[in-house]
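Work through the exercises below with the structure open beside you. Try each task before reading its solution.

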There are 4 protein chains.
Amino acid sequence: MTTPDLDRVEVTLTTCRALLAMRDDASRLQLAAQLVQRLADLDETSTGRLLGRLEIDFGPSREHLEKALADVDLSVPASVQRLHRASTSARHRLFEAINVAPGGTEAIVQLRAVSLALDPNDHPATADDLETTLRSWFNRGFLTLERIGWQTPASVLEKLIEYEAVHEITSWADLRRRLDRDRRCFGFFHPSLPGEPVIFVQVALTRGMPDSIQTLLGSPAPQDGEIGADTATFYSISNCQVGLRGISFGSLLLKQVTEALRAELPQLSVFVTLSPLPGLRAWMDDHGLTPDPAELARHAARYLLEATRSDRPLDPVARFHLRNGARIERINIDGDTSPHGSAQSYGVMVNYRYDHATLVANHEAYTNSGTIAIGPEVEALI
Amino acid sequence: MTTPDLDRVEVTLTTCRALLAMRDDASRLQLAAQLVQRLADLDETSTGRLLGRLEIDFGPSREHLEKALADVDLSVPASVQRLHRASTSARHRLFEAINVAPGGTEAIVQLRAVSLALDPNDHPATADDLETTLRSWFNRGFLTLERIGWQTPASVLEKLIEYEAVHEITSWADLRRRLDRDRRCFGFFHPSLPGEPVIFVQVALTRGMPDSIQTLLGSPAPQDGEIGADTATFYSISNCQVGLRGISFGSLLLKQVTEALRAELPQLSVFVTLSPLPGLRAWMDDHGLTPDPAELARHAARYLLEATRSDRPLDPVARFHLRNGARIERINIDGDTSPHGSAQSYGVMVNYRYDHATLVANHEAYTNSGTIAIGPEVEALI
Amino acid sequence: MTTPDLDRVEVTLTTCRALLAMRDDASRLQLAAQLVQRLADLDETSTGRLLGRLEIDFGPSREHLEKALADVDLSVPASVQRLHRASTSARHRLFEAINVAPGGTEAIVQLRAVSLALDPNDHPATADDLETTLRSWFNRGFLTLERIGWQTPASVLEKLIEYEAVHEITSWADLRRRLDRDRRCFGFFHPSLPGEPVIFVQVALTRGMPDSIQTLLGSPAPQDGEIGADTATFYSISNCQVGLRGISFGSLLLKQVTEALRAELPQLSVFVTLSPLPGLRAWMDDHGLTPDPAELARHAARYLLEATRSDRPLDPVARFHLRNGARIERINIDGDTSPHGSAQSYGVMVNYRYDHATLVANHEAYTNSGTIAIGPEVEALI
Amino acid sequence: MTTPDLDRVEVTLTTCRALLAMRDDASRLQLAAQLVQRLADLDETSTGRLLGRLEIDFGPSREHLEKALADVDLSVPASVQRLHRASTSARHRLFEAINVAPGGTEAIVQLRAVSLALDPNDHPATADDLETTLRSWFNRGFLTLERIGWQTPASVLEKLIEYEAVHEITSWADLRRRLDRDRRCFGFFHPSLPGEPVIFVQVALTRGMPDSIQTLLGSPAPQDGEIGADTATFYSISNCQVGLRGISFGSLLLKQVTEALRAELPQLSVFVTLSPLPGLRAWMDDHGLTPDPAELARHAARYLLEATRSDRPLDPVARFHLRNGARIERINIDGDTSPHGSAQSYGVMVNYRYDHATLVANHEAYTNSGTIAIGPEVEALI
């Protein structure tokens, strides 16, 4: 941990105050641009210091707040609203003021990335303002769904290589394979972060449901591309912006990509994932279970159905797909034979199936009572 | 005034509640889309009724708020922030939820347009939430500056005809003249309102400062277009979205258009407006002054310099430009000989000059002490 | 007829010679740009004079040609090819050299427009070179099919108003109606004439086959736009560039628009035209036939089937559609009640039907033996 | 050499004949599309066979040609023109007919690539028709100059890697370096070959004139990118389409890129190349000269100035730049220390300078009398 550069932090805070005091729009824009630059010049430690100061010095006006509290009548909406305004922090206005400048949105996303990388509990009010602000700015209504392919600018494609979180893209040749005729890739983009995906998903179009990620990634594209495919497999979904953690886009992305694929390729009848089980090995080791090939699938099924936290599956990937209304369709031993796959789940992978007809019912059963939908193959296992 | 369609209002409110209760993102999107349609189907009276119900029924949770109030410790940022969250209304979350759907942004803009057309004081908390929400969404950082010309889609150009608020565009031929080689038009656009300008400004490029709007609008384009021009005159600036009233973009638009013109045409040395004096005639009539041509310019100067409200000029157009740092450069009798021009100001118009070198000083003198900057010609008048 | 400006013509010819003599690409480009300007500055009479000089002075080199003729051995391809090269005129190389400059393509199109407006027989070799050159440049492979709508730049839309040759577009409101949801418009464009349609066709989407142009143009768009339509009617097709006369694009445009509509709207089952009969009235008057309403349709049918020139129908519109393989589907009296419609055909219009299943057979029967395809309604008439 | 697939060749020739016989535009389009496919399916040997048949069977009609020859009066332009038309081969019409189909232009470019790869003298008339046709289609007026950067689609960028002819691009990282802020890349594109550069040039922006390709390619981008640069160095120019060999675009590309750079970066004052001397080593070896470092520059100067073919320098790169009007500015020993550089020129490279003020005079002196322009440094050498 380096020492914060206190001078820089102070200069930055002074600019923050000046920006909030300024009335003239043109001057505000100029000052906001300066501030964006100052924020970019702070290292992580100094930014942490700044966050601490924002917590203390940029809350709501105590005077206004006390006045609003003294007067408040909870049965009068206007009075409650006055309290709400009086409790709105200067931070909130500051973030809005910064956003006016080019690069302002990115600056706030970065600020939250640092806040999360350090400890948000060190500056909980600031962390809350950051999240609330970004949640509003990155409302799905402001995002655009875009297809990513080999026609996409290289400057965007290199972001895929950088951000791919599930199955590393090892080279431009590997990337090109993932954008071939029997593959699809889609991302959400925000107008203020041009060329920067917020999240993206990779899809394989195949005949039948794939049971192994190494086969799926390693096989050459069939000559007729997507023509014969009946199955779309979501095999990787990556959030790109650390500063947007917890502001979820994944469910909507899956839904809208499913719709886009249905429209483009009516012959697709099966929509599934090929997903890791990040916690399987740890759970098996805890329970003294061995990765006996004959028993591995059964262990995985038990892990998915029985290992819980707060009445929902322990496995975070399972929680995500089950809440979306998918069902556990198949368990694939030897699904991921890489060292990483072996380390997290003895190589087991799962297909979660997104079946249009049962999605809503599954979702409701799951959210209301924790019921986990399973397909016949998994049913047979247990 | 028609009777509100109470059934429709209730169905809409029920959808609002369902939307807030829903957890699944995909279902929320679907419900939000329904709600956008329902809102569009309400007439003004019914929407007014809805606004009243949002005021009462969609505030913050009283229970949470009481709890936060009981606990609050104003010296602890996290505690204050909890109060802030507890005081955030369900309306606010509702607007965010609606925005997820296509057309959602427009629906909220329209809701505020109706709120303003009726009486915002009938639902002050709702009106405040609407304004705060839209102010955040329409942050300048999310707007793009775009040049509008004869190459622009007709679907956008017809909006200019519809929205032009200052000097009516009488035909497509008139519009075309305003987009000719010696003219410029720029607007701010928002990604969620594609093809809909938020505000636009019309500029004439001329040799010398124009003194009459009818000459400016009526003269044919010179053969060499903008080549010989030394002056850019902002002769019309129109806000397009009633629902964004009070969320000002004008100052920034002028500033950025000035920069864009400077970059395109370095030979431009004078940036002025040709502006109306909307309150001159009423003020003169109140003071028993007659439109004697020999005295009219002097009356106008007195009106600008002496007629005040809260220590600032009475005239709203003067207030806008002076606050931006412009100075009163010239008073033009016979500036607008149309019936409208005559009715509002006995035909007088004003050039406000945006002089780069003095803009900031003028702005500060004006905002600090109300000092009004004037050019030598106006000085000579008084 | 004005007198040609001989000095200008000579200067232009000198530039032509210099351009052909120049070897350096960069200098050629500069000279070509000058020449484009000089050509634009010539009036029609002077251009006519220029065309005459191109005919005499810019043929092939007589010396080379005589040499090639002396040597020629018709059984040796290379020898024949040498003759071909030797017989290629300097004009041809000149047109290619001009095309290098911006605006060069347009300059040659304009040159042919003047050639056609005067008498091509005054300069037959030049006229032939112009046609051959433009036919190659405007090969269908170089044209793009583009949909034209209300989203299209106004600068392109005003060309529709200018070029519409069949049913005048009377205003921007009229134009907008023609681009409404139940209408389509498509054009061919050439990359070197940006924003300039080469040809465009207007289509109405209706329930049933329209029998009257005034009803079709005057009716408001149905609320559900194109949703209920089963019929696409090509009601106007306009060539835009006089200089491309005789280089036909109409058949391919109809074919490709039909395909585009089929892909967009699979519910369309009938593709027809609503076409004028330009020569009906003159023919009836020649034959002493009266426009008795009870007999008019029968007269029109006889005109179409019996009035011929070189064994094909006299009517040029009929010749175009029948050669394309369409059949005469219906004769509509009162199809065009405008003065123009009355003057050319006593108001009669015809639907030619493009029926996918019979198009090729019809085309072949027509081109081989002049057989005219007719539908049952017309059959019943005769 | 494989055996030609005679059946395929015959089927292709039959389709060619059918295409020329067809009158209906729609059917022609269909047939042309078939023919494009058939041509793509022929291997090189079979295509060679086809070219031979086109030579014999698809010339002009002997009957028409004899008739035109019998009649010809060389003093009558129309008569000469008739001879020209009669001598136009069926091949020429065939190429135009193929071009109507999607992929048609590319098919003809490929056909010429095979013709050049085999021996054009085996089918001289066909080779001549191919060249004439492509020269017309790829007229500079139909090409667009486009900047290529890291924002360019990856599908275009991979073409750079494929086509780079001078200094191999070894990886995507290498490519990215070449598109960094202190580099520029421009290409000519043709509308019928979308995403396919016809030619491209790579430029380095530096302080001072670079003397070594390995330094230029290996140095990291300066922090301030192109800001401090005063020199633009064209260090690689690659023709991409084998089928367009001999149809030169290089001179115009250099000229237009120079103009584009001048407009973007007025501070650039020196435009040079860093070019290889492909024939130096062979010439030195022939003359028994050794690569003694003290003498190498002098040998290179003698090679450039004295080694000639047809009164012009033997070195093809020198011929190209000198004809463009550049001068030999500097000779750099150790300019290219790669094995390839050593093998062709003992590592020597040359800067040719494009000096706006002397370009035209140099070009004329060179083309008229073979005078070679040299700068003072080279002058001092000799």
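**Exercise 1: Which chains meet**

Chain B and chain D do not touch, and their nearest C-alpha atoms are 13 Å apart. Contact here requires C-beta atoms, placed from the backbone, within 7 Å. This is a predicted model, in which local features need pLDDT of at least 70, side-chain atom pairs count only at pLDDT 80 or more, and totals for chains, interfaces and linings use all residues. Residues are numbered from 1 along each chain as its sequence is written, while chains are lettered from A and ligands numbered from 1 in the order in which they are written.

Task: find how many residues of chain B are in contact with chain A.

Solution. Step one: 44 residues of chain B are in contact with 44 residues of chain A. Step two: helix 5 (residues 77-86) of chain B supplies the largest share of that side of chain B, six residues. Helices (H or I, at least four residues) and strands (E, at least two) are DSSP runs, numbered from the N terminus. Step three: sort the side of chain B that touches chain A by class, and it has 18 nonpolar, 16 polar and 10 charged residues. Nonpolar means Ala, Val, Leu, Ile, Met, Phe, Trp, Tyr, Cys and Pro; charged means Asp, Glu, Lys and Arg; the others, Gly among them, are polar. Step four: check chain A against chain C, where no contact exists and the closest C-alpha atoms lie 13 Å apart.

**Exercise 2: The relation of chain D to chain C**

Task: state which rotation superposes chain D on chain C.

Solution. Step one: a rotation of 180° with 0.0 Å of shift along its axis does so, with RMSD 0.0 Å. The fit is by least squares on the C-alpha atoms of residues with pLDDT of at least 70 in both copies. Step two: the two copies are thus related as by a two-fold rotation axis. Step three: in chain D, the C-alpha nearest the axis belongs to D:His84, 3.0 Å from it. Step four: the contact takes 44 residues from chain D and 44 residues from chain C. Step five: 100% of the interface residues of chain D are also interface residues in chain C, so the copies meet through the same surface.

**Exercise 3: A residue in helix 5**

Task: decide whether A:Leu83 is buried or exposed.

Solution. Step one: locate A:Leu83 in helix 5 (residues 77-86) of chain A. Step two: A:Leu83 has 25 other C-beta atoms within 10 Å and is therefore buried. A residue is buried with 20 or more other C-beta atoms within 10 Å of its own, exposed with 12 or fewer, and partly exposed in between. Step three: leaving aside residues up to four places away in sequence, A:Leu83 touches A:Ala68, A:Leu69, A:Val72 and B:Ser87.

**Exercise 4: Two positive phi values**

Task: compare the settings of A:Asp311 and C:Asp334.

Solution. Step one: most residues other than glycine have a negative phi. Step two: phi of A:Asp311 is near 65°, a positive value, and phi of C:Asp334 is near 60°, also positive. Step three: A:Asp311 lies in the loop between strand 7 (308-309) and strand 8 (312-313) of chain A. With 7 other C-beta atoms within 10 Å, A:Asp311 is exposed. Step four: C:Asp334 lies in the loop between strand 9 (327-332) and helix 16 (339-345) of chain C. With 18 such atoms within 10 Å, C:Asp334 is partly exposed.

Key:
Two residues are in contact if their C-beta atoms, placed from the backbone, lie within 7 Å.
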